[in-house]
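Here are my notes on the model, point by point. Please read them with the structure open.

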Amino acid sequence: MEIKVIAGDATQVETGAIVIGFFEGTDGLDGGLATIDKALDGAISWLVSQGEVKGKTGEISVIHSLGKIPAARVVIVGLGKREELTLDRIRGAVAEACRCLQRKGVDDVAVGAVGGDTIGITPEISAQTITEGALLGVYSFRKHITKEAEHGEIKKLSIISRSKDDIRSLEQGVEKGRVLAEAANLARDMVNEPANYMTPTNMAGVAEKVAKDYSLELTVLEKKEMQELGMGALLGVAQGSCQPPKFIVLKYSGGGSGDVDLALVGKGVTFDSGGISIKPSAKMDEMKDDMSGGAAVIAAISAIARLKPKINVVAIVPAVENLPSGSAIKPGDVLTAITGKTIEIISTDAEGRLILADALGYVNRLKPRFIVDVATLTGACIVALGNICTGVFGNNQELVNRVIAAGAEAGELIWQMPMFEEYKEQNKSEVADIKNVGDRGAGPITAAQFLAEFVGDTPWVHLDIAGTSFNDKERRYLVKGATGVPVRTLVNLALAIAAS
Ligand code: BES
Ligand code: ZN
Ligand code: ZN
């Protein structure tokens with residue numbers, strides 16, 4: 001989609017549709033809306049007076065201009081109450097308007113830049129938000145559908161600025177919004193891909209392409225090197241599958257020193273059958289999304305490389321497939337992780353924490369300032385938080401706060417869970433140093449406590465995205481399927497660390 005910033009009057013723009021926001025509870029029309037209303041002989045104020053346009057969030061009204069202005073349609077999107085406006089509402093409104101128009105076959109759309117002094121949104125943020133909403137909202141994954149789509153795509157989006165002075169800032173916003181949305185869409189593409197097209201080897205292939213496109217340093221450790229490093233936990237999970245494991249390391253060096261400022265670690269289980277502790281077959285197909293954390297960190301570092309903050313970042317993905325077979329690990333087995341810690345396997349379905357144990361142990365050797373891991377780790381996190389917010393856990397409150405703030409900026413909701421010492425009790429084993437599953441209660445917390453054993457004192461945060469990585473229905477700018485969460489949070493975090 002081509003996105004352009006143009007200065008001028010909305011009544012003069014030639015396009016398939018002009019999208020304009022409308023606040024709930026507005027009496028008279030003002031600004032751009034009043035000018036368009038006049039040009040349409042009062043059609044908008046008539047609809048408002050009839051109660052047909054209310055301005056509620058999610059409301060979309062399409063009015064045909066019938067030649068009264070150069071734009072073929074005027075689309076009024078509800079933004080809810082003015083005092084409750086958030087950037088995320090704007091993202092959602094733009095996404096829904098674009099999807100609605102795309103379904104009608106419109107391929108050229110113009111949107112009025114939101115903001116100005118009244119609602120305190122800078123031109124740059126306004127354009128970034130509109131761009132994100134549009135690019136995230138019209139995303140689709142049709143790679144394996146041979147039938148032609150019922151409608152085309154929006155090819156051109158123009159952001160209309162009332163002042164020429166804002167053009168440069170608006171353009172910068174478009175650029176940043178594009179980088180963020182394209183990264184989230186890259187993660188979505190990887191996650192939506194069926195597991196036979198997104199094996200550990202394929203994941204390494206994507207990392208290779210990203211490294212080439214954005215000049216990142218890439219290392220992929222093979223099984224033999226993992227054996228030499230003593231990654232017994234990761235290799236244990238991998239041993240049930242014919243797909244060879246890959247340990248992917250991407251490096252972005254934007255800071256002066258050789259130190260790693262931020263290490264991102266993402267769970268890359270390309271398919272989680274549960275292994276010998278096999279999962280029920282219903283919805284097992286959804287377990288292709290068990291590499292969402294890995295996809296997110298690869299996508300995030302691609303955006304970081306494009307935005308070039310002054311910081312050093314590594315993204316690490318332990319990539320494996322979890323299958324049952326004659327060579328698979330079994331409940332009761334004991335594995336030794338890279339740190340030398342021994343782990344009793346209670347369930348082969350708690351495999352995420354096993355591969356992350358080795359990945360966290362590995363990354364900790366690089367002595368990073370901060371570690372953030374991202375994983376579809378526990379079904380229990382979905383029970384606790386649903387698919388609305390990601391669970392966050394950590395050993396450093398300041399870093400937890402920063403991650404939550406980076407998420408808020410992205411419109412990605414994150415909720416902190418407790419890490420009381422008392423929960424650790426559940427992970428105690430009688431035959432090894434630790435076991436991979438605790439009792440029934442507090443699943444997401446005992447999983448996080450397990451991970452904490454492998455990061456030492458390094459400030460670390462764990463994001464459980466089991467509920468937020470995949471949606472079974474469309475919601476605002478999140479389409480059905482992979483969401484791309486928390487790619488934009490991770491990028492915002494890197495930018496914030498670089499700026500501090
Ligand atoms: N990948 C799953 C977690 C998951 C479940 C993500 C459903 C998304 C949707 C993870 O590997 C797993 O199976 N966890 C087990 C842990 C249990 C054995 C302690 C779970 O949540 O059931
Ligand atoms: Zn599992
Ligand atoms: Zn899993």
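1. Status of the model. This is a predicted model. Every distance, angle and area below is computed from its atoms, so read each one as a property of the prediction.

2. Surroundings of ligand 1. Start with ligand 1. It has 16 residues around it. Lys-279, Asp-290, Asp-349, Glu-351 and Gly-379 are the closest of them. By class, the shell splits into 7 charged, 5 nonpolar and 4 polar residues.

3. Polar contacts of ligand 1. Check three places here. The side chain of Asp-349 places an N or O atom 2.7 Å from an oxygen atom of the ligand. Lys-267 has a polar side-chain atom 3.2 Å from an oxygen atom of ligand 1. At Leu-377 the backbone is involved: one of its N or O atoms lies 3.5 Å from a nitrogen atom of ligand 1. On its own, ligand 1 has 520 Å² of accessible area, and the protein covers 77% of that.

4. First zinc site. Which residues coordinate the zinc ion (ligand 2)? They are Asp-272, Asp-349 and Glu-351, at 2.0 to 2.2 Å. Asp-349 is listed with both a backbone-type O and a side-chain OD, while Asp-272 gives OD and Glu-351 gives OE. The site has 6 donor atoms and angles of 72 to 167 degrees, and it is classed as irregular. Along the chain, the donor residues of ligand 2 read D-x76-D-x1-E. The site joins distant stretches of the chain: Asp-272 sits in strand β10 (residues 268-272), and Asp-349 sits 77 residues away in the loop between β13 (342-344) and α10 (352-364).

5. Burial of two donors. Is each of these aspartates buried or partly exposed? Asp-272 has a relative accessible area of 3%, so it counts as buried. Asp-349 is at 23%, so it counts as partly exposed. The cut-off for buried is under 20%.

6. Second zinc site. The zinc ion (ligand 3) is held by Lys-267 (NZ), Asp-272 (OD), Asp-290 (OD) and Glu-351 (OE), at 2.0 to 2.4 Å. Its 6 donor atoms make angles of 78 to 173 degrees, and the site is octahedral. The spacing of its donors in sequence is K-x4-D-x17-D-x60-E. Here too distant parts of the chain are linked: Lys-267 is in the loop between β9 (262-266) and β10, Glu-351 is in the loop between β13 and α10, and the two are 84 residues apart. Both Lys-267 and Glu-351 are buried.

7. The two zinc ions together. How far apart are the zinc ion (ligand 3) and the zinc ion (ligand 2)? The distance is 3.2 Å, and Asp-272 coordinates both. Glu-351 also appears as a donor to ligand 2 and as a donor to ligand 3. Lys-267 belongs in this picture twice: its NZ is a donor to ligand 3, and a polar atom of its side chain lies 3.2 Å from an oxygen atom of ligand 1.

8. Glu-344. This residue lies in strand β13. Its relative accessible area is 14%, so Glu-344 is buried. Ile-301 is 43 residues from Glu-344 in sequence, and their C-alpha atoms are 34 Å apart in space.

9. Backbone exceptions. Most peptide bonds are trans, and most residues other than glycine have a negative phi. Three places deserve a look against that background. The peptide bond from Val-485 to Pro-486 is cis, with omega near 0 degrees. Pro-486 is in the loop between β20 (481-482) and α14 (487-499). Ala-442 has a positive phi of about 60 degrees. Ala-442 lies in the loop between β17 (434-435) and α13 (443-452), and it is partly exposed, at 27% relative accessible area. Arg-476 also has a positive phi, near 55 degrees. Its loop runs between β19 (470-471) and β20.

10. Thr-468. Look for this residue in the loop between β18 (460-464) and β19. Its relative accessibility is 5%, so Thr-468 counts as buried. The side chains of Thr-468 and Thr-390 make a polar contact at 2.8 Å.

Conventions
Residues are numbered from 1 along each chain as its sequence is written. Chains are lettered from A and ligands numbered from 1 in the order in which they are written. This is a predicted model: local features need pLDDT of at least 70, side-chain atom pairs count only at pLDDT 80 or more; totals for chains, interfaces and linings use all residues. Side-chain values use heavy atoms; hydrogens and water are left out. A residue is near a molecule or strand if one of its heavy atoms lies within 4 Å of it. A polar contact is a pair of N or O atoms within 3.5 Å; within protein, one must be able to donate a hydrogen and the other to accept it, and residues adjacent in sequence count only if both atoms are side-chain atoms. Accessible areas come from the Shrake-Rupley method with a 1.4 Å probe; for residues, only the protein chains shown count as cover. Ala, Val, Leu, Ile, Met, Phe, Trp, Tyr, Cys and Pro count as nonpolar, Asp, Glu, Lys and Arg as charged, and the others, Gly among them, as polar. Donors are N, O and S atoms within 2.8 Å of the metal (3.2 Å for Na, K and Ca); water is not among the atoms, so sites may look incomplete. Four donors count as tetrahedral if all angles lie between 85 and 135 degrees; four count as square planar and six as octahedral if opposite donors are over 155 degrees apart and all others between 65 and 115; anything else is irregular. Helices (H or I, at least four residues) and strands (E, at least two) are DSSP runs, numbered from the N terminus. Buried means under 20% relative accessible area, exposed over 50%, partly exposed in between (1.4 Å probe, protein chains only).
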